[in-house]
Amino acid sequence: MASAQETQAVPGISRREFLYYIWAASIAVFSAETLGLIIWFAIPRIRAGEFGGVFNLGGDELPEVNAVPLNNSVGRFWLVNLDSDQPNERMYPAPDETRISGVAAIYKVCTHLGCIYAWNQASNRFECPCHGSKYRLDGRRIQSPAPRTLDRFKLTLTMADGTVLTSDADESGFWLPIPIPDGQQVASIAIDTGDRKDGIIQDLLQDIMNVN
Ligand code: FES
């Protein structure tokens with residue numbers, strides 16, 4: 001049982017006042033912790049050049065049209081330069097598409113169960129080692145079990161004349177390639193790996209044309 005001596009531990013302060021101060025101190029400590037957590041979450045901790053941040057590449061790093069993609073392992077993306085109107089073994093038009101043209105940055109993680117897929121030089125496509133999904137140069141599925149096109153990051157292109165172009169999204173929010181205006185040179189490319197959009201769901205290319 002609390003004795004009168006305990007409740008009068010601080011001379012001149014009643015038990016009620018003592019409990020009030022304890023309660024107020026607890027609230028103050030809790031508030032300070034909450035504020036600290038809010039500030040901790042609000043301060044950006046991802047810097048440029050780290051995954052989750054912006055990667056800046058020179059225009060000279062952009063692959064040629066429909067060439068082998070550029071691998072950026074730190075940024076976890078493939079940089080591609082597409083034009084389905086200049087078809088080759090890597091990039092070719094499908095019957096249900098309009099022209100696909102421009103620069104895109106493709107996330108390196110398979111849309112099936114998250115394995116890291118790779119570019120296969122022999123077959124000229126992306127292939128996932130885990131369950132065999134295959135993708136065209138632009139990330140569209142050739143073979144499943146992947147459920148959708150490969151995801152993409154938002155891009156900003158700065159042209160040699162200073163013009164700045166940023167990714168447009170389609171009706172589902174998916175980042176479209178940025179077409180390069182005729183006669184223009186790309187001076188620099190910024191890839192925002194913090195702004196990724198899920199790929200769209202389209203028919204498998206092996207089901208609608210003669211590829212496998
Ligand atoms: S994780 Fe790539 S096919 Fe399953």
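**Group meeting: Arg 140, its salt bridges and one disulfide**

Okay, so the protein chain has an accessible surface of about 12,100 Å², and 55% of that belongs to carbon and sulfur atoms. Areas here are Shrake-Rupley with a 1.4 Å probe, and for residues only the protein chains shown count as cover. Before I go on: this is a predicted model, where local features need pLDDT of at least 70 and side-chain atom pairs count only at pLDDT 80 or more, while totals for chains, interfaces and linings use all residues. Residues are numbered from 1 along each chain as its sequence is written, and side-chain values use heavy atoms, with hydrogens and water left out.

Overall picture, then. The protein chain has three helices and 11 strands; these are DSSP runs numbered from the N terminus, H or I with at least four residues for helices, E with at least two for strands. Reading from the N terminus, you get two α, then the run of β, and an α at the end: α-α-β-β-β-β-β-β-β-β-β-β-β-α. Of the 212 residues, 38% are buried, and by that I mean under 20% relative accessible area, with exposed being over 50% and partly exposed in between (1.4 Å probe, protein chains only). As for contacts, meaning heavy atoms within 4.5 Å: take those between residues at least 6 apart in sequence, and 56% join residues at least 24 apart.

Now a sheet to get us oriented. Four strands make an open sheet in the order β5-β6-β7-β8, with antiparallel pairing. The edges are β5 (118-120) and β8 (141-143), each pairing on one side only. For strands to count as paired, DSSP has to find at least two bridges between them. β5 and β6 (residues 125-127) have three bridges, in the antiparallel sense, and one detail there is that Asn 120 has Arg 125 in β6 as its bridge partner.

Right, on to the residue I really want to show you. Where is Arg 140? In the loop between β7 (134-135) and β8. Buried or exposed? Arg 140 has a relative accessible area of 1%, so it counts as buried. So who's around this arginine? If you skip neighbours within four places in sequence, Arg 140 is in contact with Ala 94, Asp 96, Glu 97, Lys 134, Tyr 135, Thr 149, Gln 202, Asp 203, Leu 205 and Ile 208.

Two of those are acidic partners worth a click. With Asp 96, the Arg 140 side chain makes a side-chain polar contact at 2.9 Å. That term covers N or O atom pairs within 3.5 Å; within protein, one must be able to donate a hydrogen and the other to accept it, and residues adjacent in sequence count only if both atoms are side-chain atoms. With Glu 97, Arg 140 forms a salt bridge, closest N and O atoms 2.8 Å apart. Glu 97 sits in the loop between β3 (77-83) and β4 (101-107), and Arg 140 in the one between β7 and β8, so this pair ties together parts 43 residues apart in sequence. Glu 97 also counts as buried, at 18% relative accessibility.

Zooming out, the whole structure has 13 salt bridges, with the cut-off being a side-chain nitrogen of Lys or Arg within 4 Å of a carboxyl oxygen of Asp or Glu. Another one is Arg 136 with Asp 138, at 2.7 Å between the closest N and O atoms, and both residues are buried. Then there's Arg 148 with Asp 198, at 3.5 Å, N to O. This pair links distant parts of the chain, 50 residues apart: Arg 148 is in the loop between β8 and β9 (152-159), Asp 198 in the loop between β11 (186-197) and α3 (205-208). Asp 198 is partly exposed, at 47%. And the bit I like: Asp 96, Glu 97, Arg 136, Asp 138 and Arg 140 are joined into one network by salt bridges that share partners.

Last stop, the cysteines. How many disulfides does the structure hold? One, counting cysteine sulfur atoms within 2.5 Å. The pair is Cys 115 and Cys 130, sulfur atoms 1.9 Å apart, and the link is left-handed, with -95° about the S-S bond. Cys 115 is in the loop between β4 and β5, Cys 130 in the loop between β6 and β7, so the disulfide ties together parts 15 residues apart in sequence. Cys 130 is partly exposed at 37%, whereas Cys 110 is buried at 5% and Cys 128 is buried at 6%.

That's my tour, thanks!
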